[in-house]
Amino acid sequence: MIRENQRILNVILIILDIFVILLSLLLAYYVRFKTTIFGPLGGSLPFFDYFIFTIFAIIPTYLLLYYFFGLYNPFRNKSSVLSGSEDIIKSAIMAFIILVAILFVINQPNFSRIMLFLLSLFGMIFAIIERSLVVLVLRFMRVNNRNLKHMLIIGDNELAFTFAKKIKSRTYLGYNTAGFLGRKEHLGKTFEGIRFIGTFKDLPDVLKTHKFDRVVIAIPLKYYYHLNEIVDACEEEGIKAEIIPDYYKYLPAKPSVDMLDDLPIINIRYVPLDDAFNKFKKIIEDYFVAIVAIIITSPIMLITAIAIKIESPGPIIFKQERIGYNGKPFMMYKFRSMKVQEENEEKSQWTTEDDPRKTRVGSFIRRMSIDELPQFFNVLRREMSVVGPRPERPYFVEKFKKEIPKYMVKHQVRPGLTGLAQVNGYRGNTSIKKRIEYDIRYVENWSLALDIQIMFRTVFRRGKNAY
């Protein structure tokens, strides 16, 4: 019955998706050829040509990509109505690239690429709205006790009780916890209104006499030797057993699983930038921002270079070894803001607010963060990103990794010119522990939107704690 409901829902979603694509076609055609936003009127292919290409190329491409990105998978467990938005955006980008390639192969130079881009843009926006509305409708039904799934929880420990409370508090997910299985002493008792309907040994009989959609195993690690018999009993009745591992507290909010041949490996820490598509977005962001920033700030960099050379002898660019991505060292560039110093001093000394080593030009460029501008070239060399945890000198890395828990986690992404810690005031001689907390939060919660927010906040926080 559940699978039949999912098939019906998928048919409805496919019909809605086709409608959205056709609506996007009409709107894109109107904006491109019936307005002067993108040029003078006239000179376009007939609408029928675009309609035929949409039917035979655009719609199949979108539906296949939606399927590939999991947009027709059950989304009962999604935490937000916008949970599928990123996959819709990925699909729209991929569809545009594929369709442009198809037009090139079939030699259609007169087919408007601008119209195709607008169709992708409108389709993406409308699809996000469509999926969000579907999720809201389904949640409304579940809150009103319709389209429910019935669940059995195997366990009578804190893990099982915590899971039961979460399920009960999230009525929009549409789960009814029909009972617990536990030790004999709990038989007949209730927790949060949910009754213990049997012991662990009663599982085969309970599954035969009750109809469950899900069986969730939440038992302590010391009882894992029972797992085989529990899973076998569930599979005899055609019910999938699902396990909440007793070591869940060591796992991130979004654990990921890799495969080594046929062996699953659970990643203890979720790093969004391990995903190939996220890496691609980050690379595009870095190159685009770095090139634009170098062009815009080139007059400032030229004036700074002249001022440094006039004020004190020594090189204009100061190169210093820092520890970067995956713990690999690299040379980070800065405009020199201090008098030339001994190498040992430079390796192990912090810069202080009234540091006598600073020059007058150096004090100004550090306060305005101008000294960091050459690091955009580090970005082009793929040694740094525009946004990320600030890199540290090897001396301090060795020191802090012994003193501060999880210090080395920050090296799982490329270091940045600015970061989440810096825009929250943790820059220069401030709390290392708080800085690392923000760095880890960035590593585990990276998104393009977060990077844009950090860049925007950086512009308005320059100079704070910068000395």
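A residue counts as exposed when its relative accessible area is over 50%. Glu236 in this predicted model passes that mark, because its relative accessibility comes to 64%. The residue sits in helix α7, which covers residues 227-236. Glu236 also has company of like charge: together with Glu229, Asp232 and Glu235, the residue makes up a patch of negative charge on the surface.

Stepping back to the whole chain, the fold holds 15 helices and 12 strands. The radius of gyration is 29 Å, whereas a compact globule of 467 residues would come out near 23 Å. Along the principal axes, the C-alpha atoms take up a box of roughly 90 × 70 × 40 Å. As for burial, 44% of the 467 residues end up in the buried class.

Next come the charged pairs. Side chains of opposite charge can pair when their charged atoms come close. With a side-chain nitrogen of Lys or Arg required to lie within 4 Å of a carboxyl oxygen of Asp or Glu, the tally is 18 salt bridges. One of these joins Glu130 to Arg131, with an N to O distance of 2.9 Å. Both partners, Glu130 and Arg131, are buried.

Another salt bridge runs between Arg382 and Asp286, whose closest N and O atoms are 3.4 Å apart. Arg382 belongs to the loop between α11 (375-380) and β11 (385-387), while Asp286 is part of helix α8 (residues 276-311), so this pair ties together parts that are 96 residues apart in sequence. The two ends differ in their surroundings: Asp286 counts as buried because its relative accessibility is just 1%, and Arg382 is partly exposed because its relative accessible area is 21%. For Arg382, the cut-off matters, since buried means under 20%. The backbone of Arg382 is worth a look too, as its phi is near 65°, a positive value in a residue other than glycine.

Arg381 and Glu383 also meet in a salt bridge, at 3.1 Å from N to O. Here Glu383 falls in the buried class, because its relative accessible area is 17%. Elsewhere, salt bridges link up into a network made of Lys334, Asp371, Glu372 and Arg390.

A second residue with a positive phi is Asn107, where the angle is near 60° and the residue is again not a glycine. Asn107 is placed in the loop between α3 (85-105) and α4. Unlike the partly exposed Arg382, Asn107 is exposed, because its relative accessible area reaches 59%.

Helix α4 itself spans residues 113-143 and contains Gly123. Gly123 counts as buried, because its relative accessibility is 6%. From C-alpha to C-alpha, Gly123 and Tyr62 are 9.6 Å apart in space, with their positions 61 residues apart in sequence. A similar kind of pairing can be listed for Lys165, found in helix α5 (residues 158-169). The C-alpha atoms of Lys165 and Phe191 are 9.2 Å apart, and the two residues are 26 apart in sequence. Lys165 is partly exposed, because its relative accessible area is 40%.

Finally, the surface has a nonpolar patch as well as the charged one. Leu221, Tyr247, Tyr250, Val257, Met259, Ile266 and Ile268 form this nonpolar patch, and together they offer about 690 Å² of accessible area. Tyr247, one of its members, is located in the loop between β6 (241-243) and β7 (256-260). Its relative accessible area is 32%, so Tyr247 counts as partly exposed. That value still qualifies Tyr247 for the patch, because patch residues need over 30% relative accessible area.

Technical notes. Residues are numbered from 1 along each chain as its sequence is written. This is a predicted model: local features need pLDDT of at least 70, side-chain atom pairs count only at pLDDT 80 or more; totals for chains, interfaces and linings use all residues. Side-chain values use heavy atoms; hydrogens and water are left out. Patches are made of residues with over 30% relative accessible area and no salt bridge: like charges are joined within 9 Å, nonpolar side chains (Val, Leu, Ile, Met, Phe, Trp, Tyr) within 5 Å. Accessible areas come from the Shrake-Rupley method with a 1.4 Å probe; for residues, only the protein chains shown count as cover. Lys and Arg count as positive and Asp and Glu as negative; His and the chain ends are not counted. The place of a charge is taken as NZ of Lys, CZ of Arg, CG of Asp or CD of Glu. Helices (H or I, at least four residues) and strands (E, at least two) are DSSP runs, numbered from the N terminus. Buried means under 20% relative accessible area, exposed over 50%, partly exposed in between (1.4 Å probe, protein chains only). The radius of gyration is taken over C-alpha atoms; the globule rule is 2.2 Å times the number of residues to the power 0.38.
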